[in-house]
Structures are given as structure tokens and as C-alpha cells.
Amino acid sequence: MKRLLYLLFITAVLYSCGPASEFKLKSPDGLCFSQVKIADNNLLYSLIYHGDTIVRNAEIHLLEGNDTLLKNVTLLNIEESQTDETWNTVNGKNKLVRNNYCRYELSLRNKQGKNMKLEIRVYNQGFAYRFIVPKGSTGLTENSAIGFGCDFTFWAYNGENHNTGPVKLSEYGENTVLNPVVFRTSEGNYFALHEAAITEYSPFVLTNTTDNSFILSQECISGENGSVKTSWRAFILGDCAGDLIESDLLINLNEPCKIKDTSWIKPGKSMWDWRVWGYKADDGFVYGLNTVSHKRFIDFAAKNNIQYLLIDADWYGPEFSDSSDPTQAREGVNIEECMAYAKEKGVGVILYLNDVGAKKFGLERVLKQFAEWGAVGVKYGFMKGSPQEKVLNTRKIVELCAKYKLMVDFHDNPIAPGGDRRTWPNLVTKEFCHAQADAKRSYWPETIVTAPFVNMVAGPLDMTNGWFGLNKAFGNGRQRVFAEIPGTVVAEVAKLIVIYSGWTVLPDAPEEYLKKDDLFDCIRKMPLQFDSYKVLDGEIGKFITVARQAGDDWFVGSLTNRDGRELSVKFDFLDSNKKYVATFYEDAGDTHFEGNKEAYRVQKNIDVDSNTTVIAKLAPGGGQAIYIHQTE
């Protein structure tokens with residue numbers, strides 16, 4: 001529902017050389033607001049959340065060549081409206097999303113007579129702005145200065161590495177900062193700076209300065225072919241770090257779904273052949289890149305509530321060779337036979353596609369062939385090109401995949417998620433993180449309790465968690481496992497609850513899961529898609545506890561860094577009128593992420609209700625998983 005509150009026309013000319021003009025833009029509850037003003041030849045904004053100054057007098061600079069467009073500006077009018085709507089997600093952390101904000105559109109004219117607009121949305125826990133660029137504008141560049149309220153501590157995305165931080169603004173130096181960036185304020189609030197609706201232009205770049213501020217720059221904004229809208233510069237606000245993970249701000253800043261029939265878009269769990277190559281089962285079978293192995297994966301998936309099999313790189317030849325044709329399988333791999341067998345068993349097949357093969361043999365031709373074979377999705381890897389080329393190519397791939405009813409997962413330093421799964425829900429996940437055992441190395445326990453608070457703020461992550469054979473993953477014949485896997489087997493289950501992803505890709509051999517069948521039963525019971533996501537407690541880089549609903553049941557996952565710890569977990573998220581029974585999957589007393597990794601215990605049939613509080617005892621680098629089943 002949209003309601004137009006008022007249309008304010010300002011007929012007096014407000015030149016920047018005159019008295020400062022200031023406007024207060026409020027959220028629906030009035031507790032978050034922005035002060036926008038024209039003063040000292042600049043367009044400025046401040047951002048206040050629950051009385052805490054997040055941003056102080058940020059200067060918005062938009063340039064056309066060497067001309068600064070937002071100096072000496074006149075405010076022609078402000079259009080204000082409020083939106084409060086709910087919508088159902090196809091692929092999301094929560095089934096139902098509320099989109100509630102106050103919108104302000106500022107129409108501006110500079111001294112040279114150039115008109116432009118600045119659109120602002122203020123949410124109860126968020127603030128975002130974007131430019132509406134007039135037709136005929138070319139070579140526009142944003143070069144804004146975001147002054148923060150204090151010398152905040154921050155964490156930031158860091159590619160396929162452990163994230164940056166914690167570090168003070170004053171300690172970081174004049175260096176580029178990858179977004180999203182998560183800040184802790186002096187008042188103990190948290191906020192994240194990221195980008196939404198990245199569809200046309202290069203992602204913006206952030207550079208730290210020496211005066212507690214970032215420079216936000218974006219190049220090559222052009223309205224040559226008509227007026228355009230930039231991506232949203234978005235601030236996600238919260239009282240605690242978990243609020244940022246739960247936020248739906250980024251998806252709400254994207255356009256509604258453009259796919260009419262979404263019935264074929266189905267999140268779920270997937271087996272994966274890549275890391276299992278060379279694994280020798282107890283019956284003597286050795287997994288490899290061949291149809292016999294793929295059928296063995298499919299049989300396991302069909303029996304254990306696993307929806308998909310991901311066939312990764314090299315299935316159509318060496319992935320980086322321009323002679324490898326993705327419309328033809330290599331020797332030993334019979335895609336048609338595999339697809340027919342998977343269909344018979346009720347399992348979908350996801351096929352890997354490298355950027356080299358897509359460009360050499362024609363993206364649409366390849367995707368059409370995948371669809372004709374019966375594939376349900378594509379894992380797209382190693383996209384090349386400039387940042388803007390990657391943005392445009394990502395959109396092209398997603399739209400063509402939608403045309404052929406294919407879901408898609410982007411790997412290898414893709415364009416950051418920015419809520420795009422609302423518009424194109426067939427974009428189910430991205431490897432926007434250090435995926436476990438990727439880049440020929442493994443991540444340590446501190447990464448899994450940092451990535452949810454930083455990377456996952458941007459969107460769903462393909463982290464390939466869920467190792468069970470931790471003591472034998474490295475140096476035991478597996479060709480694609482390059483380092484020891486630090487962690488505990490219970491933590492591997494908890495990670496699948498904590499990390500939100502449209503596809504949960506399991507990296508281990510079926511036989512390793514069956515060896516610990518009572519523990520694997522927690523994964524077996526996990527739904528294709530959870531209904532909600534709640535962060536019960538957590539500190540960035542230290543620990544996290546998450547509860548996720550699945551119909552009448554719940555799953556709770558807790559994780560810690562290298563420190564063993566005890567966490568108090570309250571079950572007050574349960575329905576107070578219902579009764580439940582819980583199964584606890586726990587580290588053993590002597591479990592350790594570097595030594596006794598696979599020790600665990602399972603406690604079943606424990607009565608619990610909304611008044612229950614349990615103490616989760618987590619080993620160093622360990623975790624706990626809880627399955628809660630409603631009984632009446």
C-alpha cells in the first residue's frame with residue numbers, strides 16, 4: 001500500500017551562497033532520520049539512529065567531467081510518500097518480507113541549469129539514496145565523502161580470504177575498503193554500508209581517509225540513452241550485529257520479481273562431485289569424474305532428502321581451455337544418461353559452466369543445451385572483464401537462465417550480492433566469501449563466526465560446509481582437497497543452519513555421511529528452504545547462535561571461534577502454547593578443531609518448551625546443532 005502524504009513545492013530560489021536550508025527526513029517510527037541540507041556550496045546529509053550519529057555532514061558530489069553538478073544547487077521541490085507492504089519471497093531467509101519506509105525525492109537544479117533528482121528512502125533500521133540521472137548526461141562520476149560520527153571500529157569483505165577487521169578507522173590508513181563494511185559505533189550500535197540493485201554500472205569503491213571518513217566513488221554513470229537510476233547507497237542499521245543479518249533492506253531496494261512463473265525455482269541441498277574425486281570407499285569404489293560416480297551420488301541423494309547433484313568443472317574438458325565445448329561431455333561422462341537417471345530418481349542436476357566456454361561457444365546456445373538435457377541449474381565460474389562488464393554480464397546470464405528455467409550460482413569473485421534475488425529469484429547464491437577448502441586452503445574457526453556478520457549481510461553464500469570425514473579429507477587420495485580441514489564435525493552441521501544459501505552444497509562423500517548416520521540425520525531433516533532466520537546472540541569474530549523455522553519445527557545452530565565456550569540459549573522463540581521434543585548434536589568433552597575433530601554425541605527425546613534455557617558447550621572451533629520437533 002502506498003500513500004501520498006504531501007507534495008511540497010519550494011518556489012523561493014535557494015542558492016547555496018545564501019542561508020543554509022535544512023530538511024529532516026524521518027523513518028516511519030521517527031527513530032531513524034536524516035538531516036539533508038544545502039550549505040557552503042555543498043549538498044550534505046547526516047544520519048542519526050536512536051540518538052547515535054552514524055554519519056555527520058556527508059558531502060554528496062556528482063561530477064560531469066570536471067564540473068561539479070551538486071554545487072550551487074536550487075531545491076525545486078520535495079515529493080514525499082510512504083510505503084508499507086508485505087511480499088512473499090521465492091528464495092529468501094524469510095518467507096514474508098515487510099517493506100516499510102518513507103520516500104523523499106529531491107528535485108534539484110544547478111547554476112548551469114542542469115536538472116537532476118536524488119531519491120532517498122528512510123526505514124526504521126535503514127537509509128539509502130540514489131541518483132536519477134537525466135537523459136543526455138555522460139561520463140558522470142560520484143565522489144562523495146562520508147564522514148562518520150566517531151573513530152568507529154569496522155570489519156569488511158576481503159574476497160576469498162578471512163575478512164578485514166576488527167580495525168579502527170584511524171588505524172586502517174588511506175586504503176581501499178571492500179564492501180560490505182560493518183561498523184560498531186561508540187554507542188554500541190551497529191551499521192553496514194553496502195550497495196543495492198547493482199544492475200548497470202561498476203560497483204562503487206570505498207577508500208578510507210585520515211579523518212574518520214570514507215570516499216565513495218563510482219565512475220561511468222551515463223544517461224546517454226535515456227534517464228537512468230544508479231544503484232542504491234545503503235546503510236543497514238541495528239542495535240546489535242545480528243540485526244544486520246536479519247535485515248531485508250537490500251532486497252527491498254530492488255525491483256519486484258520479473259519472472260511470472262517461479263514454480264521451477266526450488267532451493268535445496270546438493271551433493272557435489274568436485275571435492276570427492278579420488279575418495280576410496282570401504283567397498284573399494286573410487287570416485288572420479290565419470291557417470292558411474294555421478295549415479296552413486298544420485299542414489300544417495302534420492303534416499304536422503306537431497307534434491308540435487310552439482311557436477312563441477314572439467315566435465316566437458318579442461319575448464320580453462322578454449323577448446324572445451326560445454327555442449328559436449330568429455331569421455332567417461334554421459335550427460336544424457338546421467339540426466340535420465342537423475343530424473344527417474346527425482347534428483348535435479350546442476351552443471352558447471354566456465355566463462356571461457358560460455359563466450360567461445362555462445363552463452364545462450366550453451367544454456368539452451370543444458371535445459372534440453374534437463375539440467376535445473378548452472379554454477380558459473382571465473383567471469384572475466386572490467387567491473388562494469390561483470391555487472392552487465394551477470395544480469396545477462398541471470399536473465400538468460402530465467403528464460404531457460406535454470407537457477408544459477410556465481411563463483412570466483414563475482415559481483416557482490418545486492419538484494420538482486422528479489423528481481424531474479426533464480427539467482428540462488430554466490431561464492432561471495434572464503435568457501436571452505438577453496439583457493440587451495442581451508443578457513444579457520446574465526447572465519448565462520450565473522451562471515452555471517454559481514455559477507456552474509458550482502459546475501460546468500462555458497463560456503464560448501466558440511467564436511468564429515470575431517471580426519472581423512474587431506475592426503476588420502478582426494479585430488480581436490482589441498483589442505484587440512486580445521487573444525488569439528490558438529491560445527492559442520494551447525495554451519496548449515498547458520499549460513500543462509502539457496503543451495504546448500506555438501507562437499508563430502510556419501511560414505512562419510514553414512515558412517516555418522518545419527519549426526520547426518522540432522523541434515524537429512526533440514527527442509528529445502530527455511531521459513532525464517534533469527535540471530536539469538538553473537539559477537540563478530542567470536543560466536544553466533546541462529547534459530548531457523550521449518551514449518552512447525554525449528555533448527556538451532558551455534559558456532560565459536562578457536563575458543564571453547566558455553567552459551568546460554570533461550571527457547572523463547574517457540575510457540576508458548578505448543579510442546580516440543582529436541583535432539584541435541586554436540587561436541588564431545590575432548591573434541592578439538594585441530595585434533596579430535598570427529599568426536600560428538602547425540603541426545604534425543606529431550607522435552608522442551610518456550611521457557612527452556614540450555615547451556616551449549618562448544619569445543620574450541622566447535623559448535624552445537626539442535627533439531628526441535630513440535631509434538632502437540
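**A walk through the predicted model**

Let me start with one residue. I335 has a relative accessibility of 1%, so I335 counts as buried, the cut-off being under 20%. Keep in mind that this is a predicted model.

Where does I335 sit? It is in helix α5. What does I335 touch? Leaving out neighbours within four places in sequence, its contacts are I311, W315, A329, L351 and W373. There is also a longer link along the chain. I335 and H294 are 41 residues apart in sequence, yet their C-alpha atoms are 9.8 Å apart in space.

Now the helix itself. Helix α5 covers residues 335–345. It lies across β23 (308–311) and β24 (348–354). Against β24 it runs at about 150 degrees.

Those two strands belong to a sheet. The sheet is open and has seven strands, in the order β27-β26-β25-β24-β23-β22-β28, with parallel pairing. Which strands are at the edges? They are β27 (427–430) and β28 (503–505), and each pairs on one side only. Neighbouring strands in this sheet are turned by 25 degrees against each other on average, direction ignored.

Look at one edge. Strand β22, residues 268–272, runs parallel to β28, and three bridges join the two. One detail there: G268 has W503 in β28 as its bridge partner.

Next, a lysine in the sheet. K379 lies in strand β25, residues 377–381. Buried or exposed? K379 is at 5% relative accessibility, and the cut-off is under 20%, so K379 counts as buried. Its side chain makes a polar contact of 2.5 Å with the side chain of D312. Setting aside neighbours within four places in sequence, K379 also has contacts that include W272, L351, D409 and H411.

That brings us to L351. Not counting residues up to four places away, L351 touches I311, W315, I335, M339, F370, W373, A375, G377, V378 and K379. So our opening isoleucine and our lysine both appear on the list for L351. L351 is also one of the residues with the most contacts inside the largest nonpolar core, together with W315, L353 and F370. That core has 89 residues. A second, separate core has 53 residues, among them V36, L69, V73 and L108. As a general point, nonpolar side chains in soluble globular proteins tend to be buried together.

Back to H294, which is one of the buried residues of helix α4. The others are T291, S293, F297, I298, F300 and A301. What do they pack against? Against β22, β23, α5, α12 (510–515) and α13 (517–525). The length of α4 checks out too. Its 13 residues, 291–303, should span 18 Å at 1.5 Å a residue, and the end C-alpha atoms are 19 Å apart, which agrees. Just after α4, N305 takes a positive phi of about 60 degrees.

Last stop: a hairpin. Strands β2 and β3 form it, with five residues between them. In the turn, G30 has a positive phi of about 80 degrees. The two strands pair in the antiparallel sense over six bridges. One bridge partner pair is K26 with F33 in β3.

Strand β2, residues 21–26, has two faces. S21, F23 and L25 point to one face and are buried. E22, K24 and K26 point to the other and are not buried. In general, side chains of a regular strand alternate between the two faces of the sheet.

That is the tour. Thank you.

Note on methods:
Residues are numbered from 1 along each chain as its sequence is written. This is a predicted model: local features need pLDDT of at least 70, side-chain atom pairs count only at pLDDT 80 or more; totals for chains, interfaces and linings use all residues. Side-chain values use heavy atoms; hydrogens and water are left out. Two strands pair if DSSP finds at least two bridges between them. Helices (H or I, at least four residues) and strands (E, at least two) are DSSP runs, numbered from the N terminus. Axes are lines fitted to C-alpha atoms, for helices over the stretch in contact, and angles run from 0 to 180 degrees between N-to-C directions. Contact means heavy atoms within 4.5 Å. Buried means under 20% relative accessible area, exposed over 50%, partly exposed in between (1.4 Å probe, protein chains only). A polar contact is a pair of N or O atoms within 3.5 Å; within protein, one must be able to donate a hydrogen and the other to accept it, and residues adjacent in sequence count only if both atoms are side-chain atoms. A nonpolar core is a set of buried Ala, Val, Leu, Ile, Met, Phe, Trp, Tyr and Cys residues joined through side-chain atoms within 4.5 Å. The expected span of a helix is 1.5 Å times one less than its number of residues.
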